[in-house]
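Colleague: Please pick one spot in this model and take a close look at it for me. Then work outwards from there, so that I can see how the rest fits around it.

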Amino acid sequence: MKNLVLINGRQFALLAIYITIGDTILILPAVPAQAAGRDAWISALLGIVFGIGVVLLYSTVGKRNAGRTFVDYAETVLGRWLGGAVACAFLGYIFLSSAAHVREIGDFMTTQMMPETPIHAIHIFYAAVVLLAVYLGLECIARTSEFFFPVLILFLIVFVLFLVPSIETSNLLPVMENGLGPVMQGAVSTTAYPFAELSVLLMVIPHVKNSGAIRGSFLKGALFGGVVIALIIFLSISILGQDLAARNMYPSYALAKKIDVGQFLQRIEVILAFMWLLTSFIKTSLYFYVFHMTLAHLFRLQQYRSMVLPSGVLLVAMSVLISPNINHFQQMNDYWPYMDLTLGVGTSLLLLAVGFIRGGSLSPKQGT
Amino acid sequence: MAIVGIAAIAACICVLEVPRMWRSRQWKELGLFGFLLALGTGISVGIDLDAGLPNPMDWLAAIFRPIENLAETTFGLRRVNEG
């Protein structure tokens with residue numbers, strides 16, 4: 001691909017924040033709550049600790065392949081065929097993740113906000129906006145994320161401030177009554193969903209203008225997002241209690257319904273829904289953009305824009321196909337974290353190890 | 001009815017995209033374009049006809065459920081409340 005688009009370090013950090021918060025803000029609190037019960041907030045903190053490790057791994061991979069994308073790097077290190085196989089697995093993973101994100105929007109809308117609307121209609125409209133973003137490219141997605149960031153922060157502050165009075169610390173006690181096992185089980189999902197999914201940014205790293213700033217921006221963004229996620233999980237557990245947080249499909253949405261300031265400011269859960277739609281939209285767009293980048297690198301295409309519409313049709317079809325109903329979709333939470341970890345962290349480790357064994361001759365001299 | 005709509009959308013996409021690729025002789029792009037569009041349209045029609053298409057998530061589950069079990073038994077992970 002010629003004429004490389006460039007984003008700056010700040011935009012890269014913002015993209016990391018959006019990927020970390022992304023769809024996880026609404027989906028995640030229930031998953032560690034099912035595993036770890038009232039200790040889910042400890043899982044969230046552990047998730048941040050592991051997540052920093054994951055981010056350091058990714059930025060190391062990003063540094064080693066400076067100027068080349070993840071897929072190019074895979075092909076350099078593992079050779080055309082093995083690297084191509086890894087890239088194909090990555091491609092499928094990115095595509096299924098995008099389809100799952102579209103499906104999450106559809107499921108959320110049809111169960112919580114617009115029960116009469118067919119899910120396909122929501123998918124098609126949402127996918128249309130995503131396709132437009134992908135068509136306009138990375139720069140546009142980065143600037144959109146920059147533009148909406150103050151709004152996101154404002155809503156987040158409002159959300160947290162209004163919920164602080166209803167925290168009941170008794171919901172958190174006793175701490176760690178079931179030992180470390182459940183907490184670690186919860187930490188698997190709190191590591192995988194926000195942080196392991198940052199692997200898509202490995203395809204974005206070559207587009208960052210100042211390659212020296214990558215590690216710092218990456219860490220800052222992921223840390224910020226992780227703190228937000230941990231805060232949301234903490235609020236879910238301490239306000240709803242472990243039972244409701246685990247049973248509810250969208251605990252943070254149920255949480256927002258609890259906001260009640262002086263019997264006047266009520267039912268502002270749509271704020272959370274907006275926040276989630278925004279972060280999820282940026283995440284889906286970036287995922288789908290990375291899908292096209294991977295496709296273009298893998299097949300050595302001259303341009304990716306012609307692929308946007310047909311793969312959009314495929315995206316909508318796949319988002320319906322991947323699960324017959326919402327319960328089946330929720331079941332994926334059992335193994336999806338392991339898929340994130342295998343394809344994100346596992347692949348990075350593999351590339352790093354093989355690259356290390358094959359020596360420094362592969363690392364590029366110039367850091368563009 | 002839905003099939004007609006799907007076909008119409010596929011035709012629209014072809015009209016929009018094919019001439020540009022044809023003119024600049026991007027045959028590889030054209031091939032991939034055709035493949036993606038055929039796959040997408042095919043799956044859409046299959047869903048509409050209730051053709052019982054295989055679910056790719058079931059394949060992934062077949063791969064990753066053993067990994068999940070392995071990780072959980074190795075590290076002694078467990079859940080407090082199921083579902």
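Modeller: Let's start with B:R25, which is exposed because its relative accessible area is 60%; the cut-offs are under 20% for buried, over 50% for exposed and partly exposed in between, with a 1.4 Å probe and protein chains only. Bear in mind that this is a predicted model, where local features need pLDDT of at least 70, side-chain atom pairs count only at pLDDT 80 or more, and totals for chains, interfaces and linings use all residues. As for bookkeeping, residues are numbered from 1 along each chain as its sequence is written, chains are lettered from A and ligands numbered from 1 in the order in which they are written, and side-chain values use heavy atoms, leaving out hydrogens and water.

B:R25 sits in the loop between α1 (2–23) and α2 (27–48) of chain B; helices (H or I, at least four residues) and strands (E, at least two) are DSSP runs, numbered from the N terminus. The backbone is what caught my eye: phi of B:R25 is near 55 degrees, a positive value in a residue other than glycine. Most residues other than glycine have a negative phi, and most peptide bonds are trans.

Now the chain around that loop. Chain B has three helices and zero strands, in the order α-α-α. For 83 residues, a compact globule would have a radius of gyration near 12 Å, but chain B has 21 Å; that radius is taken over C-alpha atoms, and the globule rule is 2.2 Å times the number of residues to the power 0.38. Its C-alpha atoms fill a box of roughly 60 × 35 × 20 Å along the principal axes. Buried residues account for 33% of chain B. The charges of chain B come to 7 positive and 8 negative side chains, with the centres of the two sets 12 Å apart; Lys and Arg count as positive and Asp and Glu as negative, without His and the chain ends, and each charge is placed at NZ of Lys, CZ of Arg, CG of Asp or CD of Glu.

Chain B has a partner. The contact takes 39 residues from chain B and 46 from chain A, where contact means heavy atoms within 4.5 Å. About 3,800 Å² is buried between the two chains, with carbon and sulfur atoms giving 67% of it; this is the accessible area (1.4 Å probe) that two parts lose on being put together, summed over both. On the chain A side, A:L321, A:Y335 and A:Y338 lose the most area to chain B, together 17% of what that side buries.

How does chain A itself look? It has 15 helices and two strands. A compact globule of 368 residues would have a radius of gyration near 21 Å, and chain A agrees with 20 Å. In chain A, 61% of the residues are buried. Of its contacts between residues at least 6 apart in sequence, 85% join residues at least 24 apart.

A:K283, in helix α12 of chain A, gives one such long-range picture. The relative accessible area of A:K283 is 0%, so this lysine is buried. Leaving aside residues up to four places away in sequence, A:K283 touches A:Y18, A:I19, A:G22, A:D23, A:H101, A:Y193 and A:E197. A:L15 is 268 residues away along the chain, yet its C-alpha atom is 8.1 Å from that of A:K283.

Helix α12 also helps to cover α5. Seven of the nine residues of α5(A) (residues 70–78) are buried, so that helix is largely enclosed by the rest of the structure. Those buried residues pack against α4 (40–64), α6 (80–113), α12 (269–298) and α15 (336–357). Right after α5(A) comes A:G79, with a positive phi near 90 degrees.

Finally, chain A has an arginine to set beside B:R25. A:R300, in the loop between α12 and α13 (308–321), likewise has a positive phi, near 55 degrees, in a residue other than glycine. A:R300 counts as partly exposed because its relative accessible area is 40%. Another backbone detail to check is the cis peptide bond joining A:L173 and A:P174, with omega about -5 degrees; A:P174 lies in the loop between α8 (138–163) and α9 (180–192).
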